[in-house]
Amino acid sequence: MHYQAEPYQEDKLVRCTQGVIWDVIIDLRKESPSFKSFFGVELSATSRNALYVPKGFAHGFQTLTNEAEVLYMMSERYHPDSARGVRWDDDAFRIDWPIPNPILSDRDRSFPLFVE
(Lines give C-alpha, C1' and ligand atoms only; values in the text may rest on other atoms or scores of the structure.)
Protein backbone atom coordinates (compact mmCIF):
# COMPACT_ATOMS: atom_id res chain seq x y z
CA MET A 1 0.00 0.00 0.00
CA HIS A 2 1.75 3.14 -1.27
CA TYR A 3 1.51 6.83 -0.44
CA GLN A 4 3.62 9.97 -0.34
CA ALA A 5 4.24 11.75 2.97
CA GLU A 6 3.85 15.48 3.54
CA PRO A 7 4.57 17.89 2.04
CA TYR A 8 4.17 15.86 -1.16
CA GLN A 9 0.88 14.08 -0.52
CA GLU A 10 -1.00 13.42 -3.74
CA ASP A 11 -4.46 12.90 -5.11
CA LYS A 12 -4.73 10.07 -7.65
CA LEU A 13 -7.24 8.95 -10.22
CA VAL A 14 -6.83 5.27 -11.08
CA ARG A 15 -8.36 3.41 -14.00
CA CYS A 16 -7.86 -0.11 -15.34
CA THR A 17 -7.53 0.13 -19.14
CA GLN A 18 -6.93 -3.58 -19.78
CA GLY A 19 -8.02 -6.58 -17.72
CA VAL A 20 -9.39 -6.45 -14.17
CA ILE A 21 -7.93 -5.34 -10.82
CA TRP A 22 -9.12 -5.19 -7.21
CA ASP A 23 -8.23 -1.67 -6.08
CA VAL A 24 -8.01 -0.67 -2.41
CA ILE A 25 -7.51 2.59 -0.53
CA ILE A 26 -6.88 3.07 3.20
CA ASP A 27 -7.63 6.28 5.09
CA LEU A 28 -4.44 7.25 6.97
CA ARG A 29 -5.68 10.68 8.10
CA LYS A 30 -5.52 10.50 11.92
CA GLU A 31 -8.21 13.18 12.38
CA SER A 32 -10.68 11.41 10.07
CA PRO A 33 -13.71 9.48 11.39
CA SER A 34 -12.80 6.74 8.88
CA PHE A 35 -9.14 6.51 10.02
CA LYS A 36 -7.69 3.07 9.18
CA SER A 37 -10.83 2.10 7.21
CA PHE A 38 -10.44 0.74 3.72
CA PHE A 39 -12.52 0.78 0.56
CA GLY A 40 -12.09 -1.79 -2.21
CA VAL A 41 -13.59 -1.89 -5.69
CA GLU A 42 -13.15 -3.91 -8.86
CA LEU A 43 -11.89 -1.78 -11.75
CA SER A 44 -11.95 -3.15 -15.28
CA ALA A 45 -11.49 -2.10 -18.86
CA THR A 46 -15.04 -3.28 -19.56
CA SER A 47 -16.72 -1.24 -16.84
CA ARG A 48 -14.53 1.81 -17.58
CA ASN A 49 -14.89 2.92 -13.96
CA ALA A 50 -12.20 4.80 -12.03
CA LEU A 51 -11.24 5.34 -8.40
CA TYR A 52 -10.36 8.69 -6.84
CA VAL A 53 -7.68 8.44 -4.14
CA PRO A 54 -7.55 11.55 -1.92
CA LYS A 55 -4.45 12.92 -0.22
CA GLY A 56 -3.78 11.07 3.01
CA PHE A 57 -4.82 7.65 1.67
CA ALA A 58 -2.61 4.66 0.89
CA HIS A 59 -3.33 2.83 -2.37
CA GLY A 60 -2.71 -0.64 -3.76
CA PHE A 61 -4.25 -3.25 -6.03
CA GLN A 62 -4.22 -6.89 -7.04
CA THR A 63 -4.38 -7.98 -10.66
CA LEU A 64 -7.28 -10.39 -11.20
CA THR A 65 -6.50 -11.28 -14.81
CA ASN A 66 -3.30 -12.58 -16.44
CA GLU A 67 -2.82 -9.25 -18.15
CA ALA A 68 -3.80 -5.86 -16.79
CA GLU A 69 -2.92 -2.27 -17.51
CA VAL A 70 -3.46 0.50 -14.98
CA LEU A 71 -3.51 4.23 -15.72
CA TYR A 72 -2.73 6.74 -12.94
CA MET A 73 -3.20 10.47 -12.93
CA MET A 74 -1.52 12.18 -9.99
CA SER A 75 -1.63 15.70 -8.61
CA GLU A 76 2.01 15.68 -7.47
CA ARG A 77 5.32 14.63 -8.95
CA TYR A 78 7.00 11.55 -7.51
CA HIS A 79 9.35 12.43 -4.65
CA PRO A 80 11.41 9.36 -3.72
CA ASP A 81 12.29 10.73 -0.26
CA SER A 82 8.56 11.03 0.54
CA ALA A 83 7.56 7.60 -0.79
CA ARG A 84 6.09 5.45 1.99
CA GLY A 85 4.11 2.28 2.34
CA VAL A 86 2.38 -0.07 4.75
CA ARG A 87 1.88 -3.81 4.48
CA TRP A 88 -1.03 -4.94 2.32
CA ASP A 89 -1.93 -7.67 4.84
CA ASP A 90 -1.64 -5.63 8.06
CA ASP A 91 -4.22 -6.66 10.69
CA ALA A 92 -4.67 -2.95 11.51
CA PHE A 93 -6.76 -2.66 8.32
CA ARG A 94 -8.29 -6.16 7.93
CA ILE A 95 -8.57 -5.90 4.15
CA ASP A 96 -10.42 -8.77 2.51
CA TRP A 97 -8.21 -9.36 -0.54
CA PRO A 98 -9.45 -11.75 -3.26
CA ILE A 99 -5.97 -13.33 -3.60
CA PRO A 100 -4.66 -14.42 -0.18
CA ASN A 101 -1.02 -15.08 -1.23
CA PRO A 102 -0.15 -12.69 -4.06
CA ILE A 103 3.17 -12.29 -5.84
CA LEU A 104 4.75 -9.12 -4.43
CA SER A 105 7.70 -6.94 -5.36
CA ASP A 106 10.61 -6.89 -2.89
CA ARG A 107 9.69 -3.30 -2.05
CA ASP A 108 6.07 -4.14 -1.22
CA ARG A 109 7.15 -7.17 0.81
CA SER A 110 9.49 -4.96 2.88
CA PHE A 111 6.91 -2.35 3.95
CA PRO A 112 6.43 -2.16 7.72
CA LEU A 113 3.31 -2.82 9.74
CA PHE A 114 1.27 0.31 10.43
CA VAL A 115 2.16 2.28 13.57
CA GLU A 116 -0.12 5.07 14.77
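Some vocabulary up front: a residue is called buried under 20% relative accessible area, exposed over 50%, and partly exposed in between, with a 1.4 Å probe and protein chains only. By that yardstick E116 is exposed, since its relative accessible area is 57%.

What you have here is a predicted model, where local features need pLDDT of at least 70, side-chain atom pairs count only at pLDDT 80 or more, and totals for chains, interfaces and linings use all residues. Residues are numbered from 1 along each chain as its sequence is written, and side-chain values use heavy atoms, with hydrogens and water left out.

**The three-stranded sheet**

Strands here are DSSP runs of E with at least two residues, helices are runs of H or I with at least four residues, and both are numbered from the N terminus. Two strands pair if DSSP finds at least two bridges between them. On those terms, three strands make an open antiparallel sheet in the order 5-2-7. Strand 5 and strand 7 are the edge strands, each pairing on one side only. From one strand to the next, the twist averages 20°; angles of this kind run from 0 to 180 degrees between N-to-C directions, with axes taken as lines fitted to C-alpha atoms, for helices over the stretch in contact.

Strand 2 (residues 12-18) is joined to strand 5 by four bridges, and the two run antiparallel. With strand 7 (residues 69-74), strand 2 pairs over six bridges, again in the antiparallel sense. K12 is a handy landmark: it stands opposite V53 in strand 5 and opposite M74 in strand 7. Q18, for its part, faces E69 in strand 7. As a general point, side chains in a regular strand alternate between the two faces of the sheet.

There is also a nonpolar surface patch of about 380 Å², made by L13, Y52, L71 and M73. Patches take residues with over 30% relative accessible area and no salt bridge; nonpolar side chains (Val, Leu, Ile, Met, Phe, Trp, Tyr) are joined within 5 Å and like charges within 9 Å. The areas come from the Shrake-Rupley method with a 1.4 Å probe, and for residues only the protein chains shown count as cover. Y52 sits in strand 5 (residues 50-53) and, at 48% relative accessibility, counts as partly exposed.

**Salt bridges**

A salt bridge means a side-chain nitrogen of Lys or Arg within 4 Å of a carboxyl oxygen of Asp or Glu. The count comes to six, and the table gives some of them.

| Pair | Closest N to O |
|---|---|
| K12 and E10 | 3.9 Å |
| E116 and K36 | 2.8 Å |
| R109 and D106 | 2.7 Å |

Their settings are worth a look. K12 and E10 are both buried. R109 and D106 both lie in helix 1, three residues apart, or about one turn of the helix. R109 is partly exposed at 44%, while D106 is exposed at 60%.

How far apart in the chain are the partners E116 and K36? The salt bridge between E116 and K36 links distant parts, 80 residues apart: E116 is in the segment after helix 1, and K36 is in the loop between strand 3 (20-27) and strand 4 (38-44). K36 is partly exposed, with a relative accessible area of 24%.

**Aromatic pairs**

Rings of Phe, Tyr and Trp (its six-membered ring) pair if their centres lie within 6.5 Å; planes under 30 degrees apart are stacked, over 60 edge-to-face, and the rest tilted. A search of the whole structure turns up three such pairs. One of them is F93 with F114, a tilted pair at 5.3 Å centre to centre and 55° between the planes. F93 is in the loop between strand 8 (83-85) and helix 1 (106-110) and F114 is in the segment after helix 1, so the pair ties together parts that are 21 residues apart in sequence. Both F93 and F114 are buried, and together with F35 they form one aromatic cluster.

**Backbone oddities**

The peptide bond from E6 to P7 is cis, with omega near 5°; P7 is in the loop between strand 1 (2-4) and strand 2. K36 turns up again here, with phi near 70°, a positive value in a residue other than glycine. R94 also has a positive phi, near 55°. R94 belongs to the loop between strand 8 and helix 1 and counts as exposed at 66% relative accessibility.
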